Amino acid sequence: MSKVQVMWLALALFVGACGSGGGAAAIDTEFLAVPQEPSYAGPSASFEFRGTGPVAGFEARVDGGDFFAVESPYEWPVVEEGEHRFEVCAVDVMGRRDTTPAMHTWNVGPAVRTVIVEAPSLRTTRDTATLRFESHVERAQFHARLDAVELGVVESPLLLDGLKPGPHAIELWAVTPSGFSEVKPVAWNWSIVAPDVEVTFPPPRSITSADRIAVCGIVRSEFGVVSVVVNGVPATTRDGFATWVAEVPVGLGETKLAIQCMDDEGAVLELDGPIVESRGPYLQSPSGAVHDAQEGRVLVFDAAKAAVFAVDIES
């Protein structure tokens, strides 16, 4: 027996011998803090309590079970949905319990949960995503984490853009107005699979004397392709754009090709293509030239082609 218990025992014996009627000193128990309302299944329930009189310890029981020794504060680790009762009583050094334990009953609602009602496809080419979510808890506040990066407080619908190709994961969890947080966030995983567009002709840099060029390419995609456009010119295809060609006009100087590819989901992939330099038509048999100073050009007659060509002096 510890020194403290010996002292309490001596005090109890003294009071029992000297007190009115020879009875033991009264002990009492009261709560200092109980679980907040409303409560939700999952988080632990916390109780704080104290005793008055010659208290040596405390015993408690949950939902009418057996008493067990506890200390204040006490955390009941797992709280299931439904009505619950927690009783605690002070115990003196003689092992006598408070005959009127402090008792608290409370109702525990369903666990706080977030439900995702709209999310991106598991595999998509879109670099944007829209998520809609809800909770049975009124006025719940939602938090999110995208690819392990905290987004803070979010609202439904949540719009994400500028996403890069590859796997992505978002986690969502609700927090009640009273501060209960969802135990395990709800997660959604998806992958962005961009179509692979390749220009097979012309090469990255090329020179031509023509005023237009046939741009050829291929598309590798697990999704259907709706269109391929090169510098505003729609490409033609005979195999669903697995291969394609576009007749693109080119002016004198350099023309940078830009390709746009749209898939069945409406996602548009944009990429830079080759650079084509046009030096104008070749003269086979020039037989005369006239300087047009007003227009900054030279007019040249080609006898072999029986045509007059204008040559820009600056370019």
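Which residues of the largest nonpolar core touch the most other members? Among the 20 residues of this core, they are Phe133, Val154, Leu160, Leu163, Ile170 and Trp190. A nonpolar core is here a set of buried Ala, Val, Leu, Ile, Met, Phe, Trp, Tyr and Cys residues joined through side-chain atoms within 4.5 Å.

## Basis of the description

The model is predicted: local features need pLDDT of at least 70 and side-chain atom pairs count only at pLDDT 80 or more, while totals for chains, interfaces and linings use all residues. Residues are numbered from 1 along each chain as its sequence is written, and side-chain values use heavy atoms, with hydrogens and water left out.

## The chain as a whole

The chain contains one helix and 27 strands. These elements are DSSP runs numbered from the N terminus (helices H or I, at least four residues; strands E, at least two). Of the 315 residues, 33% are buried; buried means under 20% relative accessible area, exposed over 50%, and partly exposed in between, with a 1.4 Å probe and protein chains only.

The exposed area of the chain is about 18300 Å², of which carbon and sulfur atoms supply 53%. Accessible areas come from the Shrake-Rupley method with a 1.4 Å probe, and for residues only the protein chains shown count as cover. Where contacts (heavy atoms within 4.5 Å) link residues at least 6 apart in sequence, 55% of them join residues at least 24 apart.

## Nonpolar cores

At least two residues of the largest core come from each of strand 11 (129-135), strand 12 (141-146), strand 14 (158-160), strand 15 and strand 16. Another core lies apart from it and has 18 residues, including Val228, Val233, Ala246 and Leu257.

## Pairing around strand 16

Strand 16 (residues 186-192) pairs with strand 10 (residues 123-124) in the parallel sense over two bridges. Two strands pair if DSSP finds at least two bridges between them. In this pairing, Ser191 of strand 16 stands opposite Arg123.

With strand 15 (residues 166-175), strand 16 pairs in the antiparallel sense over seven bridges. His168 has Trp190 of strand 16 as its bridge partner, and Trp190 is also one of the core residues that touch the most other members.

## Two open sheets of three strands

One open sheet has the strand order 9-11-14 with antiparallel pairing. Strand 9 (114-118) and strand 14 each have a single partner strand and stand at the edges, so one side of each is left without a neighbour in the sheet. The twist from one strand to the next averages 30°, where axes are lines fitted to C-alpha atoms, for helices over the stretch in contact, and angles run from 0 to 180 degrees between N-to-C directions. Four bridges connect strand 9 with strand 11 in the antiparallel sense, and Thr114 stands opposite Ser135 in strand 11.

A further open sheet has the order 1-3-6, again with antiparallel pairing. Its edges are strand 1 (28-33) and strand 6 (74-76); each has a single partner strand, so one side of each lacks a neighbour in the sheet. Neighbouring strands are turned by 35° against each other on average, direction ignored. Strand 3 (residues 45-52) and strand 6 run antiparallel and are joined by three bridges; Ala45 has Trp76 in strand 6 as its bridge partner.

## A buried histidine

His84 belongs to strand 7 (residues 82-91). This histidine counts as buried because its relative accessibility is 8%. The side chains of His84 and Asp63 are joined by a polar contact of 2.9 Å. A polar contact is a pair of N or O atoms within 3.5 Å; within protein, one must be able to donate a hydrogen and the other to accept it, and residues adjacent in sequence count only if both atoms are side-chain atoms.
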